[in-house]
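User: Please take a close look at one part of this model, the largest pocket, and tell me which element gives the most to its lining. I would also like to see that part placed in the setting of the whole chain.

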Amino acid sequence: MHIPSDISPHDGRFVDGQHFFACRVYFEDTDFSGIVYHANYLRYMERARSDMLRQLNMNQHDAYETGEGVYAVADMTIKYVLPAKLDDDLVVVSTVEKLRAASVIIDQTIYRDSDKIASASVQAAFLSPNGRPRRQPKAWTKAFASVMTPAD
């Protein structure tokens with residue numbers, strides 16, 4: 001079988017400091033009523049954050065393999081606004097809100113067209129291999145800072 005070379009996983013992109021990541025609701029994402037099961041919104045947001053890091057040239061796999069560290073969600077607040085349903089096209093918009101030495105706070109909102117579906121504030125802590133907080137790599141903090149909107 002020949003697979004075309006231009007077939008690749010969807011990549012999000014940054015526009016004016018915001019990261020946009022598109023996804024679609026599939027049957028497996030829904031509960032018996034046809035509405036997206038609440039935990040699947042977390043999956044959409046996780047995929048968007050992973051893509052955002054990839055777009056910023058942060059190689060989490062290499063950092064883990066070399067013993068440098070890894071991100072883990074330390075805190076999350078989520079608000080569900082409207083239900084998403086089968087075949088909905090969604091966009092997760094992520095912004096870096098606060099940068100600390102060993103963590104980052106990312107705000108994420110899921111939209112269907114212009115309708116807000118859900119929003120969350122996520123604190124990701126950078127951890128050493130033994131699970132202790134550790135300063136993020138300098139190149140990574142610079143990358144996050146490059147997409148932050150200056151505070152008013």
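Analyst: In this predicted model, helix H1 is the element that gives the most to the lining of the largest pocket, with four residues. H1 spans residues 38–55 and shares the role of supplying at least two lining residues with strand E3 (70–80) and strand E5 (103–112). The space in this pocket comes to about 170 Å³.

Going through the lining by residue number, one meets Glu46, Arg49, Ser50 and Leu53, then Gln60, then Tyr71, Ala72 and Val73, and after these Val104, Ile106, Ala124 and Phe144. By chemical class the lining residues divide into eight nonpolar, two polar and two charged. Glu46 and Arg49 are the charged ones, because Asp, Glu, Lys and Arg are counted as charged, while Ser50 and Gln60 fall into the polar group, since neither is on the nonpolar or the charged list.

As for the setting of the pocket, the protein has three helices and six strands, and from the N terminus on these elements follow the order β-β-α-α-β-β-β-β-α. The radius of gyration of the protein is 17 Å, close to the 15 Å that the globule rule gives for 152 residues, so the protein is as compact as a globular protein of that length. Along the principal axes, the C-alpha atoms fill a box of roughly 45 × 45 × 35 Å. Of the contacts in the protein with a separation of 6 or more, 66% are accounted for by residues 24 or more positions apart. Buried residues make up 37% of the 152 residues, and the accessible surface of the protein is about 9600 Å², with 51% of it belonging to carbon and sulfur atoms.

Two loop residues deserve a note on backbone geometry. Asp16, placed in the loop between strand E1 (13–15) and strand E2 (18–24), has a phi near 50°, which is a positive value in a residue other than glycine. Asp16 has a relative accessibility of 74% and therefore counts as exposed, the cut-off for that class being over 50%. Asp87, in the loop between E3 and strand E4 (89–99), likewise has a positive phi, near 75°, and is also a residue other than glycine. With 53% relative accessibility, Asp87 counts as exposed as well.

Methods:
Residues are numbered from 1 along each chain as its sequence is written. This is a predicted model: local features need pLDDT of at least 70, side-chain atom pairs count only at pLDDT 80 or more; totals for chains, interfaces and linings use all residues. Side-chain values use heavy atoms; hydrogens and water are left out. On a 1 Å grid over the protein atoms alone, a cavity is a set of points where a 1.4 Å probe fits but cannot get out, and a pocket is an open set with protein on both sides within 12 Å along at least five of seven lines; lining residues have an atom within 4 Å of a point. Grid points are joined across faces, edges and corners, and a volume is the space filled by probe spheres set on the points. The radius of gyration is taken over C-alpha atoms; the globule rule is 2.2 Å times the number of residues to the power 0.38. Buried means under 20% relative accessible area, exposed over 50%, partly exposed in between (1.4 Å probe, protein chains only). Contact means heavy atoms within 4.5 Å. Accessible areas come from the Shrake-Rupley method with a 1.4 Å probe; for residues, only the protein chains shown count as cover.
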